[in-house]
Amino acid sequence: MRKFSYNALIGGFLIATLLIVALIGTVWTPYNPLQLDFLARLEPPSALHWLGTDEFGRDVLSRIMVGAGASVWIGTLTVSFTVVAGTLIGLVSGYARGLTDGLIMAVNNALLAFPGILLALGLLAVFGANQYGIIFALGIAYTPSMARLVRGVVMTLRESEFIEASKLMGNSEFYTVARHILPNCLAPMSVLATTMFGWAILSESALSFLGLGVPPPAPTWGNMLAAGRPFIEQAVWLGVFPGLCIALTLLGINLLGDALRDRLDPRMRGLK
């Protein structure tokens, strides 16, 4: 229990901080994150600019706040897309079995053979390098993992006695799946969805770093890292602060995911 408490406390604090900063960044920032001020370019952190300024004189703190909102938005929509699509595919595949299951899993396994970031790069060539293109690309790349998880749970439960009892009572297959099978999928889905939120933020940052994410001048943590790379010796804060935000966010998500797993997985509860 102590491990769960510490993981939940630290992870929850970090994620809550991210959400608060993202929310504040949508309505207020200390400076206009897009306003250029060449007289203040590459200023180190000070009382005027807490995290310094970039090569165009833009306030780094303001841009990080707006970038937090972009990361949360992209991560949330990506995970939502993945959960809905993966759940539907996994339920149909696991419950129908037979030829339907074979065809769906053949396509699913083919997609799983590609690294997620590589598949997203290919899909971005179709959807375009923009915010919603990233969401669709990452959503499609991560859906096979969710579908495989849900399918495994459904196949485990399909022959259970309470499922057979539901059928004998005359309940339709749709009712049986929605009432008895889907609720039993929620615990492992919650853990995976939490982890996928971190995957989405990291992948978005990587794509933006490569110039395939949200196009400038809109700030994201990834394109801020890329922009600060030429000035790493002259203005180290341009890379340190966005990188620190990414690292702390992923740490918080991982700790929160571990806490959820410890709480929701019966096997983990049995070890305590």
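A salt bridge is a side-chain nitrogen of Lys or Arg within 4 Å of a carboxyl oxygen of Asp or Glu. Side chains of opposite charge can pair when their charged atoms come close. The model looked at here is a predicted one, and a search through the whole of it turns up five salt bridges. Before getting to those, it helps to get a feel for the overall fold.

The secondary structure is made of ten helices and zero strands. Reading from the N terminus, the order of elements is simply α-α-α-α-α-α-α-α-α-α. The C-alpha atoms fit in a box of roughly 75 × 45 × 30 Å, taken along the principal axes. The protein has 272 residues, and 43% of them count as buried.

The unreviewed UniProt entry places the feature "transmembrane region" at residues 7-28, 70-91, 103-126, 132-150, 189-214 and 234-257. Two of these spans can be set beside the model. Residues 132-150 are 100% helix and 0% strand, with end C-alpha atoms 26 Å apart. Residues 234-257 come out as 88% helix and 0% strand, and here the end C-alpha atoms lie 38 Å apart.

Helix α2 covers residues 60-96, and its length can be checked with a bit of arithmetic. At 1.5 Å a residue, its 37 residues should span 54 Å; the end C-alpha atoms are 53 Å apart, which agrees. Right after α2 comes R97, which sits in the loop between α2 and α3. R97 is not a glycine, yet its phi is positive, at about 55°. With a relative accessible area of 34%, R97 is partly exposed.

Why single out a positive phi? Most residues other than glycine have a negative phi, and most peptide bonds are trans. L42 is another residue to look at in this respect: its phi is near 60°, again a positive value in a residue other than glycine. L42 belongs to the loop between α1 and α2, and its relative accessibility is 12%, so L42 counts as buried. As for peptide bonds, the one from P216 to P217 is cis, with omega near 10°. P217 lies in the loop between α7 (173-209) and α8.

Helix α8 itself takes up residues 221-228, and six of its eight residues are buried, so α8 is largely enclosed by the rest of the structure. The buried ones are W221, G222, N223, M224, A226 and G228. In helix α3 (residues 98-112), L112 can be picked out. L112 is partly exposed, its relative accessible area being 33%. Although L112 and P144 are 32 residues apart along the chain, their C-alpha atoms are separated by 6.2 Å.

Back to the salt bridges. One of them joins R63 to D54, with the closest N and O atoms 3.8 Å apart. Are these two residues buried or exposed? At 5% relative accessibility, R63 counts as buried, because the cut-off for that label is under 20%. D54 also has 5% relative accessibility and counts as buried. The pairing goes further, since D54, R58 and R63 are linked in a network of salt bridges.

R261 is another residue to follow. R261 forms a salt bridge with D258, where the closest N and O atoms are 3.8 Å apart. R261 and D258 are three residues apart in helix α9, which means that about one helical turn separates them. Both ends of this bridge are partly exposed: R261 has a relative accessibility of 29%, and D258 has 28%. The side chain of R261 also meets that of D262 in a salt bridge, at 3.3 Å from N to O. D262, at 3% relative accessibility, counts as buried.

Finally, there is the empty space in the model. Rolling a probe the size of a water molecule over the atoms shows where empty space is left. The largest pocket holds about 320 Å³ of space. It is lined by 16 residues, and the closest to its centre are T17, L18, V21, C245 and L248. The elements that give two or more residues to this lining are α1 (2-27), α2 and α9 (237-264). What classes of residue make up the lining of the largest pocket? There are 14 nonpolar residues, two polar ones and no charged ones.

Key:
Residues are numbered from 1 along each chain as its sequence is written. This is a predicted model: local features need pLDDT of at least 70, side-chain atom pairs count only at pLDDT 80 or more; totals for chains, interfaces and linings use all residues. Side-chain values use heavy atoms; hydrogens and water are left out. Helices (H or I, at least four residues) and strands (E, at least two) are DSSP runs, numbered from the N terminus. The expected span of a helix is 1.5 Å times one less than its number of residues. UniProt positions are given in the numbering used here, feature names are shortened, and annotations may be inferred rather than shown by experiment. On a 1 Å grid over the protein atoms alone, a cavity is a set of points where a 1.4 Å probe fits but cannot get out, and a pocket is an open set with protein on both sides within 12 Å along at least five of seven lines; lining residues have an atom within 4 Å of a point. Grid points are joined across faces, edges and corners, and a volume is the space filled by probe spheres set on the points. Ala, Val, Leu, Ile, Met, Phe, Trp, Tyr, Cys and Pro count as nonpolar, Asp, Glu, Lys and Arg as charged, and the others, Gly among them, as polar. Buried means under 20% relative accessible area, exposed over 50%, partly exposed in between (1.4 Å probe, protein chains only).
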